[in-house]
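Please open the structure in your viewer and keep the selection tool at hand. The tour below moves from one selection to the next and says what is there at each stop.

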Amino acid sequence: MEASKVIHAIYTDDDVLMSAVKTVKAEKHHIEEIYTPFPVHGLDKAMGLAPTRIAIASFMYGCVGLAVAIVMMNFIMIKDWPQDIGGKPSFSYLENMPAFVPIMFELTVFFAAHLMVITFYLRSRMWPFKKAENPDPRTTDDHFLMEIAVHGNESELTSLLKETGAVEINIVDKDEDAH
Amino acid sequence: MEYKISNRLKIAAIVMIVLGVLGVGYGFMDANSVTEENISDVIAAEHHGGHGDDALTTEAHGDEHAEEAQGESHGESASHAEESHGDDAHGGMTEHEEHALHQIHNRPYSALYVAAFFFFMIALGVLAFYAIQYAAQAGWSPVLFRVMEGITSYVLPGGLIVLAIAFVADSHLFIWLREGTTTVGHENYDALVAGKSGWLNKTGFFIRGLIFLGGWSLYRHFSRKFSIAQDNADDNRNFKKNFRISAAFLVFYIYTESMMSWDWIMSVDPHWFSTLFGWYVFASMFVSGITVIAMITIYLKSKNLLEFVNDSHIHDLAKFMFGISIFWTYLWFSQFMLIWYSNIPEEVTYFVTRIEDYKLPFFGMLAMNFIFPLLLLMNSDYKRINWFVIMAGIVILCGHYVDVFNWIMPATVGPRWSIGIPEIGSILLFGGLFLLIVFWSLGKESLLAKGNPFIKESEHFHY
């Protein structure tokens, strides 16, 4: 793929970054990506990103976990090997249900949490030993990096970003196939 | 930001009180119309469906069996019996008749006590929430402090009312107050109650009650005083004092709240005990209190009196409503499951009574206090929709009224329960009083605690 030029503006404070994002959006420039050392509240909204759907996925995973717990306990304790615990050998799932509630709860949480993390990694295209995508290692420490595509408006963008409080502005060639 | 209780609200509250007094009065008259002379007719009238106890309970709450169960409430059957009274005279009562008579006479007292405690526990729950905000130096909530202070003004009157009802009702509510329960050889002698009489005795009950109430009211008095003094102060001295007394209050509260729950609620079943009952009662009062904060805040906001309260504050309150509802369920279930599983006769009777005679309120409460908040308030966006929070709040409050109902009624009226005129009258009476006192108190000071050092942070609170 053809190499394209991007501008990297570096900030040292999340509040400055937030107001910069608002200014840049107000000037109708498209922000490709922002790299931050920690999650910045409200940044996704300011960038105009679509709201996350992970909560919906999480709810569905939770329902799966609940269903697995119900079916599993029904098989283990009622169908396959009924046991008399505390004088309750009723062979009925419903009558023994209170004993299974902790398991139902735990498996709901277990499924929701683990599958949500796995979904997040898959959607973000992350896996073990993957080469890091962030263009500047300082974004893992105390710097914030905003990446904007350049379409022949270098000088205009540079002066705009300078005004918003960027401490460093670099123009780099970005190879799309590099990651 | 000034607020004065509107005439419409005042009139509505007074009408509620008047209707409530009429309802409560009717309840007492109705219950007292059943006497030793006509009790057997009343029981016969109750049983004329031929369904035994089964028909009795279904009649009482008028659910799906209403048609086959002759559709008579106890009030009606009582007056029905009145007509046929005199046909046959009765000398001594059977044990069953005496028991039934007690339950019929206990009902108006219990209805009054349940409603009084319900509104009192809302105010006390808010007081604990308020103290936590100070002790944690929370930055999001100071814009809501005046609303909370308004609600907590009901702690003292509400608590005194609960104690007064307990004093008047005596053995109508607390069976351990019957004559002779601790005297060996007396027909009412109860070895278990006698063994607990070092704690469970009338003098101790009221001394403890006054100490609890005194401590809570003192904290409420001084925290309100410092909060108002902070408004026009040029340093943070009053805020620091409030921080200190709040931390001290929370320690006092968590012990006394627990003891209060043994005294005022758990002791209606003096043979039964549960070690986490105090926490369970706490969860109920906490979630009801937070719900009322949210509802009153939304009400005042709709009158444009709280412009400084934004969607994020409502969102946070709704998150608490959601979270504490689940916390309540967790405690309720922890208590239930251990007792259900171990199946020890002296413990499990508590739940056997409730599942047999109180099926609808017992499981209905679980739906209202757990399933509804869980599903309604799970979505993040819904927590910001004011009318949605109000609707969820109404369900939660009804659920926790039924919760209090399930604490008291099985011990005092047994299967002869109903939600009829005495119960609704009591709710109206104390609901009206609650609204009157709370909104009158809200009108006394500016609705913004403007001197609080966190007030700027709170106004700009954004989630």
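In which helix of chain B is Q335(B) found? Select Q335(B) and you will see that it sits in helix α12 of chain B, which covers residues 311-342. Bear in mind throughout that this is a predicted model.

**First stop: around Q335(B)**

With Q335(B) still selected, consider its surroundings: it has 18 C-beta neighbours inside 10 Å and therefore counts as partly exposed, a class that lies between the buried residues, with 20 or more, and the exposed ones, with 12 or fewer. Leaving aside residues up to four places away in sequence, Q335(B) touches S274(B), L276(B) and Y280(B), which you can add to the selection. If you then pick I419(B), which is 84 residues away from Q335(B) along the chain, you will find that the C-alpha atoms of the two are separated by 26 Å.

**Second stop: the end of the same region**

Move on to N343(B), which lies in the loop between α12 and α13 (345-357) of chain B. The phi of N343(B) is near 60°, which is a positive value in a residue other than glycine. Because N343(B) has 13 C-beta neighbours inside 10 Å, it counts as partly exposed.

**Third stop: chain B as a whole**

Now select the whole of chain B, in which there are 17 helices and zero strands. Of the 463 residues of chain B, 44% count as buried, and among its contacts between residues at least 6 apart in sequence, 82% join residues at least 24 apart. Colouring by confidence is useful here, since chain B averages a pLDDT of 88, with 90% of its residues scoring at least 70. Residues 49-90 of chain B call for more care, as their pLDDT is below 50, although this stretch has 58 contacts in the model beyond near neighbours in sequence.

**Fourth stop: a helix pair in chain B**

Select helix α5 (residues 95-135) and helix α10 (residues 237-264) of chain B, which pack at an angle of about 150° with their axes 8 Å apart. Since an angle over 145 degrees counts as roughly antiparallel, this makes α5(B) roughly antiparallel to α10(B). The crossing of these two helices, α5(B) and α10(B), is left-handed. To see where they meet, show the side chains of F117(B), A128(B), A131(B), I132(B), Y134(B) and A135(B) in α5(B), and opposite them N242(B), F243(B), S246(B), A247(B), F249(B), L250(B), Y253(B) and W264(B) in α10(B). By class, this contact of α5(B) with α10(B) has 12 nonpolar, two polar and no charged residues.

**Fifth stop: a helix pair in chain A**

Turn to chain A and select helix α3 (residues 54-80) and helix α4 (residues 93-123), whose axes come within 6 Å and cross at roughly 140°. The helices α3(A) and α4(A) are therefore oblique to each other, and α3(A) passes α4(A) in a right-handed crossing. The residues of their contact divide into 22 nonpolar, seven polar and no charged.

In the loop between α4 and β3 (144-149) of chain A, select R125(A), which has a positive phi of about 50° although it is not a glycine. With 9 C-beta neighbours inside 10 Å, R125(A) counts as exposed.

**Last stop: where the chains touch**

Finally, show both chains together: five residues of chain A are in contact with seven residues of chain B. On the side of chain A that touches chain B, the residues divide into three nonpolar, two polar and no charged. For the complex, the predictor gives an ipTM of 0.80 and a pTM of 0.86.

Terms used. Residues are numbered from 1 along each chain as its sequence is written. Chains are lettered from A and ligands numbered from 1 in the order in which they are written. This is a predicted model: local features need pLDDT of at least 70, side-chain atom pairs count only at pLDDT 80 or more; totals for chains, interfaces and linings use all residues. Axes are lines fitted to C-alpha atoms, for helices over the stretch in contact, and angles run from 0 to 180 degrees between N-to-C directions. Helices (H or I, at least four residues) and strands (E, at least two) are DSSP runs, numbered from the N terminus. Angles under 35 degrees count as roughly parallel, over 145 as roughly antiparallel, 65 to 115 as roughly perpendicular and the rest as oblique. A crossing is left-handed if the near helix is turned anticlockwise from the far one by less than a right angle, and right-handed if clockwise. Two residues are in contact if their C-beta atoms, placed from the backbone, lie within 7 Å. Ala, Val, Leu, Ile, Met, Phe, Trp, Tyr, Cys and Pro count as nonpolar, Asp, Glu, Lys and Arg as charged, and the others, Gly among them, as polar. pLDDT is the predictor's confidence in each residue, from 0 to 100.
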